[in-house]
Amino acid sequence: MDGNGRWAKAQGKPRIFGHKNGVEAVRKTISAAAKLGISVVTLFAFSSENWRRPEEEVAVLMGLFVTVLSTEVKKLHKNNFCLRIIGDKSRFNENLQKKMAQAEQMTAMNTGMVINIAANYGGKWDITEAMKKIAIKVQSEELQPSDIDENLITNHLATSNIPEVDLLIRTSGECRISNFVLWQLAYAEIYFIPICWPDFGEDSLIEAVTWFVDRERRFGCTDEQIS
Ligand code: IPE
Ligand code: MG
């Protein structure tokens, strides 16, 4: 979800105005995704690198997380959505950590669409943590080095609940991955659009999914094999 700041700036408004409108785009996107029958949506809300932003902006974003978690979780629960927060939560303040845990607990048994919020998340962080967990198990001889395969690595990631990514959408015209889920992006179709995140919504999601269904996904095979 990129471009909140530039969207606001283009209107002569402070960056925070963009973040607030970004929340509305999240609402629209989640409801459109559910209508389309998408089973998992992962939103990159805050990266491990976003702490480098000015203190006031970080504080406002944290405040926004708390507010959104407080106001939205009941609605998500009513819709049978399962909310998961992925990332290193230990760096958030106690109140926010509590809200995150409550939101996850409330929706944990829901069977509908899974919504992952990546917060203080980095793809490299995720892989590094998985490696540490595996190394500890090898050290204690719970695992042998020969047990390490792709599935085992996947199962040790914070994102182990997400399947391989089918479609990655990045808004705001930037053409990079910026340390988002790296491992499961191996065969993702990557869609870059120029519009900023606050302008994203049902129509943009439908356009992206329409583009996606027309892609021929070969996974290393030839097109003859696929057809
Ligand atoms: C995305 O918008 C929201 C977050 C990363 C929290 P940005 O804040 O990155 O907006 P730009 O890229 O500066 O326009
Ligand atoms: Mg940005």
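In the predicted model, E189 lies in strand β5, which covers residues 189-192. The relative accessible area of E189 is 12%, and because the limit for a buried residue is under 20%, E189 counts as buried. Leaving aside residues up to four places away in sequence, E189 touches D166, L167 and L168, and it also touches W211, F212, R215 and R217.

E189 is listed together with D2 under "binding site" in the UniProt record, which is an unreviewed entry. D2 is placed in the segment before α1, a helix that spans residues 4-9. With a relative accessibility of 16%, D2 also falls under the 20% limit and is therefore counted as buried. When residues up to four places away in sequence are not counted, the residues touched by D2 are R170, T171, S172, E174, C196 and W197. In addition, the side chain of D2 is joined to the side chain of R6 by a polar contact of 3.3 Å.

A further buried position is provided by N116, which is found in strand β3, a strand made up of residues 114-121. The relative accessibility of N116 is 0%, and this residue is therefore counted as buried. The side chain of N116 makes a polar contact of 3.1 Å with the side chain of T42, and T42 also appears among the residues that N116 touches once those up to four places away in sequence are set aside. The other residues touched by N116 on this basis are V40, V41, L43, R84, I86, N161 and I162.

Turning to the chain as a whole, eight helices and five strands are present, and from the N terminus on they follow the order α-α-β-α-β-α-β-α-α-β-β-α-α. For a chain of 227 residues, a compact globule would be expected to have a radius of gyration near 17 Å, and the value of 19 Å for this chain agrees with that expectation. Taken along the principal axes, the box filled by the C-alpha atoms is roughly 55 × 50 × 35 Å.

Of the 227 residues in the chain, 41% count as buried. Among the contacts between residues at least 6 apart in sequence, 68% join residues that are at least 24 apart. The accessible surface of the chain comes to about 12,800 Å², and 53% of this surface belongs to carbon and sulfur atoms.

Notes
Residues numbered from 1 in each chain as written. Chains lettered and ligands numbered in written order. Predicted model: local features only at pLDDT ≥ 70, side-chain atom pairs only at ≥ 80, totals over all residues. Heavy atoms only, no water. UniProt positions renumbered as here; feature names shortened; annotations may be inferred. Helix = DSSP H or I, 4+ residues; strand = E, 2+ residues; numbered from the N terminus. Buried < 20%, exposed > 50% of the residue type's maximum accessible area, 1.4 Å probe, protein only. Contact = heavy atoms within 4.5 Å. Polar contact = N/O pair within 3.5 Å; in protein donor to acceptor, adjacent residues only side chain to side chain. Rg over C-alpha atoms; globule rule 2.2 N^0.38 Å. Areas by Shrake-Rupley, 256 points an atom, 1.4 Å probe, with all protein chains shown as cover.
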